There are 2 protein chains.
Amino acid sequence: MKCQYELKTTHTFVVFKALAVDIDGTLTDKKRVLNCRAVEALRKLKIKVVLATGNISCFARAVAKMIGVSDIVIAENGGVVRFGYDEDDVVLGDREKCLRALEVLRRHFKVELLDFEYRKAEVCLRKNFPIEEARKILPEDVRIVDTGFAYHIIDANVSKGKALKFIADRLGLDVKDFVAIGDSENDVEMLEVAGFGVAVANADEKLKDVADLVTSKPNGDGVVEALEFLGLI
Amino acid sequence: MKCQYELKTTHTFVVFKALAVDIDGTLTDKKRVLNCRAVEALRKLKIKVVLATGNISCFARAVAKMIGVSDIVIAENGGVVRFGYDEDDVVLGDREKCLRALEVLRRHFKVELLDFEYRKAEVCLRKNFPIEEARKILPEDVRIVDTGFAYHIIDANVSKGKALKFIADRLGLDVKDFVAIGDSENDVEMLEVAGFGVAVANADEKLKDVADLVTSKPNGDGVVEALEFLGLI
């Protein structure tokens, strides 16, 4: 395949055994519409695929089922993982910390909760207040991240990277066996722990800074570009 | 387009204003993998698309978002409808009736609950007991349907057809303005109330009996065939 790309580091030949890929902004466009070329590419893969999202686990498992990849998913930015469609959620984040932080935010901003009834490990908020101001007042046991689609108050001990390590251990893999692909700041830790990190062209600068490869194409087309570059399809 | 099909009734020329389509077994195959040809076809439509499923509302809204159609969905076989991604569920079914019926079933069979925590209007069960035996002992205020993927205990007053009528009223449409496409017995009422009913080739005989059109192709390819036949794409 011929593609223009920016390779940030050099790697000796490695056989990657699994893929972790973000959904919104990576497999989808800004409108959160799935890129069918990326879907077809994921279906061709011979390796395990883990979807990793800031969205809720029942959203993640629905997308995994529809795409037809493994039912192992990371949801709520690493606060929840699920190993099968009909299995129970494994909750890795402490929602109580996030609820206490929510009360702090409420004293300063008029916040709008999203998917409150479904979230088990974090609090998701409409992007209608200044996040930098929020960062100054939030307790240290949580952090707030902008996924591009919403703000998320997350247990400081939780990340997609830690959740991927948890999954790799359970699967008997080294987290370095994973390729990770994402677009936003909530993917930083996942790209850092993976064996090879890819930022799609539309990614945040923070993510591009830690990526091994920044694709020339955005969203799902960037995912296809990366999988072709790595010889996985 | 040239396609072999079985047209069950004759219709004068009608302009359909909306589409209601089932997900599992209709837009997906047996493995519940989304048919990308059908997805691309739905995206081309100029009319409103309502996804109608026996699955939970957060599954339905995820699929609607990924496909990129309107966020109006029918979930839990008509027990729940949702008019927008961030809107609340409108619960049309009485889950208490279903829970009482569940206790009756438990006296006779070892049942396995599915998505129990997420279901608001019905009870979903693994297909591991004889449904005809269950029908003989269930109270009359519920019915049990086989969607092909699971058994569902549903409030007898609820159906995808009644939910579609509810949505049509809210949208200021006549339910006859809808084309409805499905594959299983839980789609029967939806096809009956719609202006034109389509059963894909893999559909239950019960559904084919009430369909205006039975496609020659199964699943998503049948959806594309029907949309082409109706001149909607």
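This is a chat about the domains and chain contacts of a predicted model.

Student: What should I know before I start looking?
Tutor: The model is predicted, so local features need pLDDT of at least 70, side-chain atom pairs count only at pLDDT 80 or more, and totals for chains, interfaces and linings use all residues. Residues are numbered from 1 along each chain as its sequence is written, chains are lettered from A and ligands numbered from 1 in the order in which they are written, and side-chain values use heavy atoms, with hydrogens and water left out.

Student: OK, which domains does chain A have?
Tutor: Domain 1 covers 8–91 + 158–229, and domain 2 covers 95–155. Those bounds come from an automatic or database domain assignment. Taken over C-alpha atoms, the centres of the two domains are 23 Å apart.

Student: How many residues does each domain put into the contact?
Tutor: Domain 1 of chain A gives 20 residues and domain 2 of chain A gives 16. Contact here means heavy atoms within 4.5 Å.

Student: And how much area do the two domains bury?
Tutor: About 1400 Å², with 54% of it on carbon and sulfur atoms. Buried area is the accessible area (1.4 Å probe) that two parts lose on being put together, summed over both. On the domain 1 side, A:Glu76, A:Val158 and A:Glu185 lose the most, together 34% of what that side buries.

Student: How many salt bridges are there between those domains?
Tutor: Three. A salt bridge is a side-chain nitrogen of Lys or Arg within 4 Å of a carboxyl oxygen of Asp or Glu. Elsewhere on your screen, look for A:Asp89 and A:Lys120, whose side chains meet in a salt bridge at 2.5 Å, N to O.

Student: Switching topic: how many aromatic pairs are there?
Tutor: The whole structure has 12 over all chains. Rings of Phe, Tyr and Trp (its six-membered ring) pair if their centres lie within 6.5 Å; planes under 30 degrees apart count as stacked, over 60 as edge-to-face and the rest as tilted. A:Phe16 and A:Phe196 make a tilted pair, 6.0 Å centre to centre with 50 degrees between the planes.

Student: Where do those two sit in the chain?
Tutor: They are 180 residues apart: A:Phe16 is in the loop between strand S1 (5–7) and strand S2 (18–22), while A:Phe196 is in strand S12 (residues 196–199). Strands (E, at least two residues) and helices (H or I, at least four) are DSSP runs, numbered from the N terminus.

Student: Now chain B. What does the contact with chain A look like?
Tutor: Chain A and chain B each bring 33 residues, and about 2400 Å² is buried between them, 57% from carbon and sulfur atoms. In chain A, A:Cys36, A:Met66 and A:Tyr118 lose the most area to chain B.

Student: How many salt bridges cross there?
Tutor: Six. Have a look at B:Arg126 and A:Asp86, a salt bridge with its closest N and O atoms 3.1 Å apart.

Student: Which helices of chain A touch chain B?
Tutor: Helix H1 (36–44) and helix H2 (57–67) each give two or more residues. H2(A) has the largest share, nine residues.
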